[in-house]
Amino acid sequence: MAKESGLGFSVTVDDSAGTGRNISNDIKNVSVRTPSGIQDITGLDKSAIERLVLLADGEVTLNGVFNDAANMSHAVFKDYRTLLAGQVGRTVALAHSGQTLSMEMVAENYDLTRADDGSLTWAVTLRLSDGTVPAWS
Amino acid sequence: MAKQSGLGDNFYIGGYDISGDVAAVTTISARTALLPLVGIDKSAHERINGQRDGELSFNTWFNDATDQEHDALKGLVNTDRVVMYFRGTTLGNPVAALIGKQINYDWDRGDDGSLRGTVQCLPNAFGLEWGESLTAGKRTDTGATNGASIDYGSVSSLFGMAAYLEVFSFTGTNVLVKVQDSADDVAFADITGGTFATVAGAPAQERIETGLTATIRRYVRVITGGTFTNVVFAVSFVRYLGARDP
(Lines give C-alpha, C1' and ligand atoms only; values in the text may rest on other atoms or scores of the structure.)
Protein backbone atom coordinates (compact mmCIF):
# COMPACT_ATOMS: atom_id res chain seq x y z
CA MET A 1 0.00 0.00 0.00
CA ALA A 2 0.90 3.69 0.05
CA LYS A 3 0.35 6.56 2.45
CA GLU A 4 -3.23 6.52 3.71
CA SER A 5 -5.80 8.52 5.59
CA GLY A 6 -7.57 7.19 8.68
CA LEU A 7 -10.87 6.65 6.91
CA GLY A 8 -12.25 3.21 7.67
CA PHE A 9 -10.54 2.90 11.07
CA SER A 10 -12.41 0.55 13.37
CA VAL A 11 -12.55 0.24 17.16
CA THR A 12 -14.07 -2.75 18.95
CA VAL A 13 -14.32 -2.80 22.75
CA ASP A 14 -15.58 -5.58 25.02
CA ASP A 15 -18.70 -4.86 26.99
CA SER A 16 -19.04 -5.91 30.63
CA ALA A 17 -19.98 -9.44 29.54
CA GLY A 18 -16.76 -9.80 27.53
CA THR A 19 -18.40 -9.53 24.10
CA GLY A 20 -16.59 -7.34 21.57
CA ARG A 21 -18.73 -4.45 20.31
CA ASN A 22 -17.80 -2.44 17.22
CA ILE A 23 -18.54 1.12 18.30
CA SER A 24 -16.66 2.80 15.46
CA ASN A 25 -19.70 4.73 14.30
CA ASP A 26 -20.01 6.47 17.68
CA ILE A 27 -16.38 7.58 17.75
CA LYS A 28 -15.33 10.95 16.36
CA ASN A 29 -11.64 10.50 16.92
CA VAL A 30 -9.21 8.08 18.53
CA SER A 31 -5.69 8.44 19.78
CA VAL A 32 -3.47 5.41 20.28
CA ARG A 33 -0.29 5.55 22.33
CA THR A 34 2.17 2.69 22.82
CA PRO A 35 5.04 4.30 24.70
CA SER A 36 7.85 2.66 26.60
CA GLY A 37 9.79 3.84 29.58
CA ILE A 38 13.36 4.83 28.81
CA GLN A 39 16.33 4.55 31.14
CA ASP A 40 19.38 6.70 30.64
CA ILE A 41 22.39 4.42 31.14
CA THR A 42 25.07 6.68 29.77
CA GLY A 43 28.50 5.66 30.96
CA LEU A 44 31.20 8.07 31.91
CA ASP A 45 33.18 6.95 28.89
CA LYS A 46 30.51 7.96 26.38
CA SER A 47 29.91 11.24 24.62
CA ALA A 48 26.40 10.42 23.52
CA ILE A 49 23.37 9.14 25.39
CA GLU A 50 22.97 5.42 25.94
CA ARG A 51 19.47 4.14 26.65
CA LEU A 52 17.54 1.03 27.55
CA VAL A 53 13.86 0.45 26.86
CA LEU A 54 11.89 -0.33 30.04
CA LEU A 55 8.21 -1.08 30.68
CA ALA A 56 5.88 -0.86 27.71
CA ASP A 57 2.47 0.73 28.01
CA GLY A 58 -0.69 1.27 26.01
CA GLU A 59 -3.22 4.09 26.06
CA VAL A 60 -6.27 4.62 23.90
CA THR A 61 -8.36 7.78 24.11
CA LEU A 62 -11.76 7.79 22.45
CA ASN A 63 -14.01 10.78 21.84
CA GLY A 64 -17.53 10.14 20.64
CA VAL A 65 -21.17 11.08 20.36
CA PHE A 66 -23.67 9.72 22.88
CA ASN A 67 -25.57 6.64 21.66
CA ASP A 68 -27.61 4.44 24.00
CA ALA A 69 -28.67 1.92 21.34
CA ALA A 70 -28.08 -1.73 22.24
CA ASN A 71 -24.40 -2.73 22.15
CA MET A 72 -23.16 0.73 21.26
CA SER A 73 -20.93 3.13 23.19
CA HIS A 74 -23.17 3.90 26.21
CA ALA A 75 -23.98 0.22 26.73
CA VAL A 76 -20.27 -0.61 26.54
CA PHE A 77 -18.98 2.13 28.86
CA LYS A 78 -21.76 2.87 31.37
CA ASP A 79 -20.36 0.14 33.64
CA TYR A 80 -16.76 0.46 32.51
CA ARG A 81 -15.40 -0.89 35.81
CA THR A 82 -17.20 -4.22 35.40
CA LEU A 83 -15.03 -6.97 33.92
CA LEU A 84 -15.95 -10.49 32.94
CA ALA A 85 -15.10 -12.85 35.80
CA GLY A 86 -11.49 -13.93 35.58
CA GLN A 87 -10.50 -11.11 33.26
CA VAL A 88 -8.07 -8.33 34.09
CA GLY A 89 -9.37 -5.94 31.46
CA ARG A 90 -11.50 -5.51 28.39
CA THR A 91 -10.20 -6.33 24.93
CA VAL A 92 -9.76 -3.20 22.83
CA ALA A 93 -9.17 -4.06 19.18
CA LEU A 94 -8.06 -1.41 16.71
CA ALA A 95 -7.98 -2.15 13.00
CA HIS A 96 -6.98 -0.16 9.98
CA SER A 97 -6.08 -1.18 6.48
CA GLY A 98 -5.60 -4.79 7.45
CA GLN A 99 -3.39 -3.93 10.43
CA THR A 100 -4.61 -4.73 13.94
CA LEU A 101 -3.64 -3.84 17.49
CA SER A 102 -5.39 -5.63 20.32
CA MET A 103 -4.81 -4.86 24.02
CA GLU A 104 -6.36 -5.82 27.35
CA MET A 105 -7.22 -2.52 28.98
CA VAL A 106 -9.04 -0.90 31.88
CA ALA A 107 -10.90 2.38 31.50
CA GLU A 108 -10.16 5.17 33.92
CA ASN A 109 -13.26 7.21 33.13
CA TYR A 110 -16.42 7.68 31.08
CA ASP A 111 -16.95 11.43 30.82
CA LEU A 112 -19.82 13.24 29.12
CA THR A 113 -20.40 16.87 28.27
CA ARG A 114 -23.80 18.32 27.47
CA ALA A 115 -22.89 21.67 25.94
CA ASP A 116 -24.89 24.89 25.58
CA ASP A 117 -25.65 24.06 21.96
CA GLY A 118 -27.35 20.79 22.94
CA SER A 119 -24.61 18.46 21.84
CA LEU A 120 -23.85 15.43 24.03
CA THR A 121 -20.37 13.98 23.68
CA TRP A 122 -18.24 11.52 25.63
CA ALA A 123 -14.60 10.71 26.25
CA VAL A 124 -12.96 7.55 27.56
CA THR A 125 -9.32 6.82 28.33
CA LEU A 126 -8.21 3.19 28.48
CA ARG A 127 -4.88 1.93 29.77
CA LEU A 128 -3.04 -1.37 29.41
CA SER A 129 -3.89 -3.79 32.20
CA ASP A 130 -2.37 -7.24 31.62
CA GLY A 131 1.34 -6.68 31.24
CA THR A 132 1.44 -7.81 27.59
CA VAL A 133 3.60 -5.66 25.33
CA PRO A 134 1.33 -4.07 22.69
CA ALA A 135 2.14 -5.28 19.21
CA TRP A 136 0.61 -4.57 15.84
CA SER A 137 -0.08 -7.58 13.66
CA MET B 1 -32.03 4.74 19.90
CA ALA B 2 -29.15 6.15 17.90
CA LYS B 3 -26.55 8.86 18.23
CA GLN B 4 -28.22 11.74 20.06
CA SER B 5 -27.93 15.31 21.14
CA GLY B 6 -28.70 16.41 24.67
CA LEU B 7 -31.81 18.40 23.77
CA GLY B 8 -34.73 17.73 26.11
CA ASP B 9 -32.56 16.74 29.06
CA ASN B 10 -33.49 17.30 32.70
CA PHE B 11 -31.35 18.10 35.75
CA TYR B 12 -32.46 17.61 39.35
CA ILE B 13 -30.69 18.39 42.62
CA GLY B 14 -31.86 17.77 46.16
CA GLY B 15 -35.52 17.57 45.19
CA TYR B 16 -35.46 20.63 42.92
CA ASP B 17 -35.97 20.52 39.15
CA ILE B 18 -33.62 23.16 37.77
CA SER B 19 -33.70 21.92 34.17
CA GLY B 20 -34.98 25.25 32.91
CA ASP B 21 -32.10 27.14 34.52
CA VAL B 22 -29.18 24.87 33.61
CA ALA B 23 -27.30 26.22 30.60
CA ALA B 24 -24.94 23.31 30.17
CA VAL B 25 -23.84 20.23 32.05
CA THR B 26 -20.13 20.66 31.66
CA THR B 27 -18.98 17.47 33.35
CA ILE B 28 -20.78 14.15 33.68
CA SER B 29 -17.91 12.02 34.83
CA ALA B 30 -17.65 8.49 36.12
CA ARG B 31 -14.00 7.82 36.89
CA THR B 32 -11.71 5.52 38.77
CA ALA B 33 -8.17 5.56 40.03
CA LEU B 34 -6.03 2.90 38.38
CA LEU B 35 -3.53 1.10 40.57
CA PRO B 36 -0.27 -0.21 39.09
CA LEU B 37 0.78 -3.71 40.10
CA VAL B 38 3.51 -4.66 37.67
CA GLY B 39 5.37 -7.86 38.43
CA ILE B 40 9.07 -8.14 37.71
CA ASP B 41 8.27 -10.87 35.21
CA LYS B 42 6.36 -8.44 32.98
CA SER B 43 7.57 -6.16 30.22
CA ALA B 44 4.50 -3.95 30.20
CA HIS B 45 2.20 -2.31 32.75
CA GLU B 46 -0.37 -4.21 34.73
CA ARG B 47 -3.21 -2.28 36.37
CA ILE B 48 -6.37 -2.82 38.41
CA ASN B 49 -9.29 -0.60 39.38
CA GLY B 50 -8.87 1.55 42.49
CA GLN B 51 -11.34 3.90 44.08
CA ARG B 52 -14.45 5.04 42.24
CA ASP B 53 -15.18 8.73 41.84
CA GLY B 54 -17.21 11.03 39.65
CA GLU B 55 -18.56 14.50 39.09
CA LEU B 56 -21.63 16.38 37.91
CA SER B 57 -20.83 20.01 37.17
CA PHE B 58 -22.99 22.52 35.42
CA ASN B 59 -23.49 26.13 34.42
CA THR B 60 -26.71 27.88 35.37
CA TRP B 61 -28.56 31.09 34.62
CA PHE B 62 -29.65 33.14 37.60
CA ASN B 63 -33.27 32.58 38.64
CA ASP B 64 -34.53 33.57 42.09
CA ALA B 65 -38.15 32.54 41.53
CA THR B 66 -39.61 30.12 44.06
CA ASP B 67 -38.06 26.65 43.90
CA GLN B 68 -35.76 27.58 41.02
CA GLU B 69 -31.99 27.43 40.95
CA HIS B 70 -31.25 30.12 43.53
CA ASP B 71 -33.54 28.50 46.09
CA ALA B 72 -32.03 25.11 45.23
CA LEU B 73 -28.36 26.05 45.34
CA LYS B 74 -27.77 29.12 47.53
CA GLY B 75 -27.76 27.21 50.83
CA LEU B 76 -24.52 25.27 50.10
CA VAL B 77 -25.64 22.66 52.61
CA ASN B 78 -23.02 20.42 54.19
CA THR B 79 -25.16 17.31 53.88
CA ASP B 80 -25.30 14.98 50.86
CA ARG B 81 -27.56 15.84 47.96
CA VAL B 82 -28.91 13.55 45.24
CA VAL B 83 -27.99 14.97 41.85
CA MET B 84 -29.40 13.46 38.65
CA TYR B 85 -28.90 14.14 34.95
CA PHE B 86 -31.71 12.68 32.82
CA ARG B 87 -30.84 12.08 29.16
CA GLY B 88 -34.28 12.99 27.91
CA THR B 89 -37.50 12.23 29.78
CA THR B 90 -38.58 8.95 28.22
CA LEU B 91 -39.07 6.00 30.58
CA GLY B 92 -35.97 3.82 30.54
CA ASN B 93 -33.62 6.50 29.23
CA PRO B 94 -30.08 6.77 30.68
CA VAL B 95 -29.62 8.70 33.91
CA ALA B 96 -26.35 9.70 35.58
CA ALA B 97 -26.80 10.04 39.34
CA LEU B 98 -24.71 10.67 42.40
CA ILE B 99 -25.19 11.36 46.06
CA GLY B 100 -22.63 13.77 47.36
CA LYS B 101 -21.61 17.29 48.12
CA GLN B 102 -22.34 20.52 46.34
CA ILE B 103 -18.89 22.09 46.37
CA ASN B 104 -19.55 25.67 45.32
CA TYR B 105 -21.99 28.25 44.00
CA ASP B 106 -19.91 30.61 41.84
CA TRP B 107 -21.03 33.48 39.64
CA ASP B 108 -19.61 35.50 36.77
CA ARG B 109 -21.21 38.80 35.92
CA GLY B 110 -19.79 39.72 32.50
CA ASP B 111 -19.11 43.07 30.90
CA ASP B 112 -22.12 42.46 28.70
CA GLY B 113 -24.45 42.11 31.71
CA SER B 114 -24.71 38.35 31.55
CA LEU B 115 -24.88 36.41 34.81
CA ARG B 116 -23.79 32.76 34.66
CA GLY B 117 -23.23 30.39 37.56
CA THR B 118 -20.91 27.42 37.96
CA VAL B 119 -21.62 24.54 40.33
CA GLN B 120 -19.60 21.40 40.98
CA CYS B 121 -21.00 18.31 42.71
CA LEU B 122 -18.71 15.50 43.84
CA PRO B 123 -19.95 12.10 45.04
CA ASN B 124 -19.64 10.77 48.55
CA ALA B 125 -18.81 7.03 48.75
CA PHE B 126 -20.47 5.64 45.61
CA GLY B 127 -19.03 7.54 42.66
CA LEU B 128 -21.28 8.54 39.77
CA GLU B 129 -23.62 5.75 38.65
CA TRP B 130 -25.30 5.32 35.27
CA GLY B 131 -28.75 3.79 35.37
CA GLU B 132 -32.13 4.03 33.68
CA SER B 133 -35.11 6.20 34.53
CA LEU B 134 -38.01 4.42 36.18
CA THR B 135 -40.05 7.58 35.73
CA ALA B 136 -40.54 9.51 32.50
CA GLY B 137 -38.62 12.49 33.80
CA LYS B 138 -40.78 13.70 36.68
CA ARG B 139 -43.84 11.59 37.40
CA THR B 140 -47.01 12.91 39.04
CA ASP B 141 -49.15 10.49 41.06
CA THR B 142 -52.45 11.59 42.58
CA GLY B 143 -52.91 8.37 44.52
CA ALA B 144 -51.29 4.95 44.88
CA THR B 145 -49.96 4.05 41.43
CA ASN B 146 -48.19 1.13 39.77
CA GLY B 147 -45.88 2.71 37.23
CA ALA B 148 -45.01 1.35 33.81
CA SER B 149 -42.13 -1.11 33.77
CA ILE B 150 -38.89 -1.24 31.83
CA ASP B 151 -37.71 -4.47 30.25
CA TYR B 152 -34.08 -5.54 30.77
CA GLY B 153 -34.34 -8.57 28.54
CA SER B 154 -34.75 -12.23 29.38
CA VAL B 155 -31.84 -12.75 31.77
CA SER B 156 -32.03 -11.84 35.46
CA SER B 157 -29.02 -10.08 36.95
CA LEU B 158 -27.41 -11.42 40.12
CA PHE B 159 -25.57 -8.44 41.60
CA GLY B 160 -28.22 -6.28 43.21
CA MET B 161 -29.30 -2.73 42.45
CA ALA B 162 -29.21 0.85 43.59
CA ALA B 163 -31.84 3.55 43.13
CA TYR B 164 -32.05 7.30 43.54
CA LEU B 165 -35.19 9.23 44.46
CA GLU B 166 -35.99 12.94 44.38
CA VAL B 167 -39.39 14.26 45.47
CA PHE B 168 -40.19 17.72 44.14
CA SER B 169 -43.63 18.37 45.58
CA PHE B 170 -46.04 16.59 47.90
CA THR B 171 -49.56 17.02 49.22
CA GLY B 172 -50.82 14.59 51.80
CA THR B 173 -49.73 12.67 54.89
CA ASN B 174 -47.15 10.24 53.54
CA VAL B 175 -45.98 8.43 50.44
CA LEU B 176 -43.99 5.22 50.14
CA VAL B 177 -42.00 4.71 46.93
CA LYS B 178 -40.93 1.14 46.12
CA VAL B 179 -38.99 -0.60 43.35
CA GLN B 180 -40.47 -3.91 42.22
CA ASP B 181 -39.42 -6.58 39.74
CA SER B 182 -41.14 -9.32 37.77
CA ALA B 183 -40.29 -12.22 35.50
CA ASP B 184 -43.36 -11.81 33.30
CA ASP B 185 -44.43 -8.15 33.57
CA VAL B 186 -47.61 -9.35 35.31
CA ALA B 187 -46.76 -10.54 38.81
CA PHE B 188 -44.53 -8.00 40.54
CA ALA B 189 -42.91 -8.20 43.96
CA ASP B 190 -41.07 -5.74 46.14
CA ILE B 191 -37.29 -6.00 45.76
CA THR B 192 -35.76 -6.56 49.19
CA GLY B 193 -33.93 -3.37 50.01
CA GLY B 194 -35.69 -1.54 47.19
CA THR B 195 -38.06 0.55 49.30
CA PHE B 196 -37.31 4.20 50.01
CA ALA B 197 -38.00 5.71 53.41
CA THR B 198 -41.49 7.16 53.88
CA VAL B 199 -41.73 10.70 52.55
CA ALA B 200 -43.91 13.25 54.35
CA GLY B 201 -42.89 16.44 52.59
CA ALA B 202 -40.87 17.95 49.76
CA PRO B 203 -38.18 18.45 48.74
CA ALA B 204 -36.91 14.98 49.63
CA GLN B 205 -34.11 12.75 48.34
CA GLU B 206 -32.52 9.37 49.01
CA ARG B 207 -30.21 6.70 47.61
CA ILE B 208 -30.85 3.03 48.42
CA GLU B 209 -29.21 -0.22 47.44
CA THR B 210 -29.82 -3.92 47.92
CA GLY B 211 -27.35 -6.61 48.84
CA LEU B 212 -24.78 -7.02 46.07
CA THR B 213 -25.85 -10.61 45.31
CA ALA B 214 -29.56 -9.90 44.97
CA THR B 215 -31.34 -11.23 41.90
CA ILE B 216 -33.08 -8.60 39.83
CA ARG B 217 -35.58 -10.01 37.36
CA ARG B 218 -36.38 -8.89 33.85
CA TYR B 219 -39.09 -6.22 34.41
CA VAL B 220 -38.63 -3.38 36.89
CA ARG B 221 -41.06 -0.63 37.92
CA VAL B 222 -41.61 1.89 40.66
CA ILE B 223 -44.88 2.13 42.61
CA THR B 224 -46.27 4.56 45.13
CA GLY B 225 -48.51 3.96 48.12
CA GLY B 226 -49.64 5.87 51.17
CA THR B 227 -52.00 8.70 51.99
CA PHE B 228 -51.57 11.56 49.56
CA THR B 229 -53.32 13.50 46.83
CA ASN B 230 -50.31 14.61 44.83
CA VAL B 231 -46.64 13.69 44.62
CA VAL B 232 -44.15 14.66 41.92
CA PHE B 233 -40.97 12.60 41.90
CA ALA B 234 -38.23 11.01 39.80
CA VAL B 235 -36.37 7.73 40.19
CA SER B 236 -33.16 6.43 38.63
CA PHE B 237 -32.46 2.69 38.79
CA VAL B 238 -29.00 1.13 38.58
CA ARG B 239 -28.94 -2.58 37.81
CA TYR B 240 -25.51 -3.99 38.57
CA LEU B 241 -24.35 -6.39 35.87
CA GLY B 242 -21.22 -7.57 37.64
CA ALA B 243 -19.71 -7.76 41.09
CA ARG B 244 -19.38 -4.25 42.47
CA ASP B 245 -16.79 -3.17 44.99
CA PRO B 246 -18.50 -2.37 48.31
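These exercises with worked solutions concern the contact between chain A and chain B in a predicted model.

**Exercise 1.** Determine how many residues each chain brings to the contact, and how much area the two chains bury between them.

*Solution.* Begin with the residues: chain A gives 41 residues to the contact, and chain B gives 41 residues as well. Turn next to the area, which comes to about 3,300 Å² buried between chain A and chain B, with 50% of it on carbon and sulfur atoms. Finally, ask which residues stand out on chain A: A:L55, A:R81 and A:R114 together supply 22% of the area that chain A buries against chain B, and this is more than any other three residues supply.

**Exercise 2.** Count the salt bridges and the residue pairs in polar contact between the chains, and examine the pair A:R114 and B:D9.

*Solution.* Between chain A and chain B there are 4 salt bridges, and the count of residue pairs in polar contact, both at pLDDT 80 or more, is 25. For the named pair, the N to O distance between the side chains of A:R114 and B:D9 is 3.7 Å; the pair counts as a salt bridge because the cut-off is within 4 Å.

**Exercise 3.** Identify the strand of chain A that gives the most to the side touching chain B, and describe how this strand pairs across the contact.

*Solution.* Strands 5, 8, 9 and 10 of chain A each supply at least two residues to that side, and strand 9 gives the most, with 6 residues. Strand 9 of chain A then pairs with strand 3 (residues 22-36) of chain B in the antiparallel sense, over 5 bridges. Within strand 3 of chain B, B:R31 stands opposite A:N109.

Definitions and conventions: Residues are numbered from 1 along each chain as its sequence is written. Chains are lettered from A and ligands numbered from 1 in the order in which they are written. This is a predicted model: local features need pLDDT of at least 70, side-chain atom pairs count only at pLDDT 80 or more; totals for chains, interfaces and linings use all residues. Side-chain values use heavy atoms; hydrogens and water are left out. Contact means heavy atoms within 4.5 Å. Buried area is the accessible area (1.4 Å probe) that two parts lose on being put together, summed over both. A polar contact is a pair of N or O atoms within 3.5 Å; within protein, one must be able to donate a hydrogen and the other to accept it, and residues adjacent in sequence count only if both atoms are side-chain atoms. Helices (H or I, at least four residues) and strands (E, at least two) are DSSP runs, numbered from the N terminus. Two strands pair if DSSP finds at least two bridges between them.
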